[in-house]
Amino acid sequence: MELKAARRRAVWAAGFVLLILAALAFSGTPLVGQLTRLASQFSAVPRIGARLIDFTLPAANGQVISTGQFSGSILVINFWATWCPPCREEMPALQQIYDMHRNHGLILVGVNFGEAEESVARYAREIGVSFPLALDQNMAVARRYQVQGLPTTIFVDRKGIIRDLIIGGPMSLSYIEDKVQPLLDDK
């Protein structure tokens, strides 16, 4: 008899929870929106072998950068910040790779992690960066890509498939070249 009563309470409790969840789902409360956004963040995790998740951001030069505009090119995306010592250390090597291979279909995009346009533009002038620098000021793209540390670099082939993902640094010129060259060779 006691087991039957316990089952009945469990069924009522489960039904009550389902009723509350259904009411929340139909009410459009902020909680439902937050749960939906949270779930969507994890639905398309960038990983090796996956298709690149497109993004569009303002650039430090006042233009707009969209990964879709680089379709058919080799794309290197580097998440970085001016306050990050390994980011600062690898930036000249990234610039060298860009200079060496941009005429062969290599696009390098530096995605700045939450800093003001003026700071990014000043830093780019100081060290002579000429590749496009995107401004992820609210870090929405970094969250979407689940950036766990800086620098984070993503290597994408001409078909838009992520071929490598490096967290941390600094990467040397030869290390970056070892990642880029097979992508250049694969026509």
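Leucine 106 touches Ile74, Val76, Ile97, Tyr98, His101 and Val180, when residues up to four places away in sequence are not counted. This leucine has its place in strand E4, and, because its relative accessibility is 0%, leucine 106 counts as buried. One of its partners illustrates how the chain brings separated parts together, since leucine 106 and valine 76 are 30 residues apart in sequence and yet 7.6 Å apart in space, taken from C-alpha to C-alpha. These values, like those that follow, come from a predicted model.

The wider arrangement can be set out next. The protein has 6 helices and 7 strands, and, read from the N terminus on, its elements run α-α-β-β-β-α-β-α-β-α-β-β-α. Of the 187 residues in the protein, 39% are buried. When contacts between residues at least 6 apart in sequence are considered, 69% of them join residues at least 24 apart.

The interior includes a nonpolar core, the largest of which has 50 residues, and the residues with the most contacts inside this core are Ile77, Phe79 and Tyr145. For tyrosine 145, the contacts can be listed once neighbours within four places in sequence are left aside: they are Pro46, Leu52, Ile53, Asp54, Phe55, Ile77, Phe79 and Ile154. Both of the other residues named for the core, Ile77 and Phe79, are thus found in the list of contacts of tyrosine 145.

Helix H4, which spans residues 117–127, shows how burial can be distributed around a helix. Within H4, the residues Val120, Ala121, Tyr123 and Ala124 are buried. These residues lie on the same side of H4, because they cover an arc of only 160° around the axis. On the other side of H4, by contrast, Glu118, Arg125 and Glu126 are exposed. The buried residues of H4 pack against four elements, namely strand E3 (74–80), helix H3 (85–101), strand E4 (106–113) and strand E5 (133–136). Strand E4 is also the place of leucine 106, the residue described at the outset. Just after H4, glycine 128 takes a positive phi of about 80°.

Attention may now turn from the packed parts to the open spaces. Rolling a probe the size of a water molecule over the atoms shows where empty space is left. The largest pocket has a volume of about 250 Å³, and it is lined by 16 residues, of which Ala59, Asn61, Phe131, Pro132 and Leu133 lie nearest its centre. Strand E2 (64–66) and helix H4 each supply at least two residues of this lining, and H4 gives the most to the lining of the largest pocket, with 3 residues. Divided by class, the residues lining the largest pocket are 11 nonpolar, 4 polar and 1 charged.

The second largest pocket has a volume of about 180 Å³. It is lined by 15 residues, and those that lie nearest its centre are Leu52, Asp54, Thr67, Ser71 and Gly160. In the lining of the second largest pocket, 4 residues are nonpolar, 6 are polar and 5 are charged. Two of the residues nearest the centre of this pocket, Leu52 and Asp54, are also in contact with tyrosine 145.

Several details of the backbone remain to be described, beginning with the cis peptide bonds. A cis peptide bond joins leucine 150 and proline 151, with omega of about -10°, and proline 151 is found in the loop between helix H5 (140–144) and strand E6 (152–156). The peptide bond from glycine 169 to proline 170 is likewise cis, with omega near 10°, and proline 170 lies in the loop between strand E7 (162–167) and helix H6 (173–185).

Positive phi values also occur in residues that are not glycine. Methionine 139, in the loop between E5 and H5, is a residue other than glycine whose phi is positive, near 60°. Because its relative accessibility is 29%, methionine 139 counts as partly exposed. Glutamine 146, which is not a glycine either, has a positive phi of about 55°, and its place is in the loop between H5 and E6. With a relative accessibility of 23%, glutamine 146 also counts as partly exposed.

Notes: Residues are numbered from 1 along each chain as its sequence is written. This is a predicted model: local features need pLDDT of at least 70, side-chain atom pairs count only at pLDDT 80 or more; totals for chains, interfaces and linings use all residues. Side-chain values use heavy atoms; hydrogens and water are left out. Buried means under 20% relative accessible area, exposed over 50%, partly exposed in between (1.4 Å probe, protein chains only). The arc is that of the directions from the helix axis to the C-beta atoms. Contact means heavy atoms within 4.5 Å. A nonpolar core is a set of buried Ala, Val, Leu, Ile, Met, Phe, Trp, Tyr and Cys residues joined through side-chain atoms within 4.5 Å. On a 1 Å grid over the protein atoms alone, a cavity is a set of points where a 1.4 Å probe fits but cannot get out, and a pocket is an open set with protein on both sides within 12 Å along at least five of seven lines; lining residues have an atom within 4 Å of a point. Grid points are joined across faces, edges and corners, and a volume is the space filled by probe spheres set on the points. Ala, Val, Leu, Ile, Met, Phe, Trp, Tyr, Cys and Pro count as nonpolar, Asp, Glu, Lys and Arg as charged, and the others, Gly among them, as polar.
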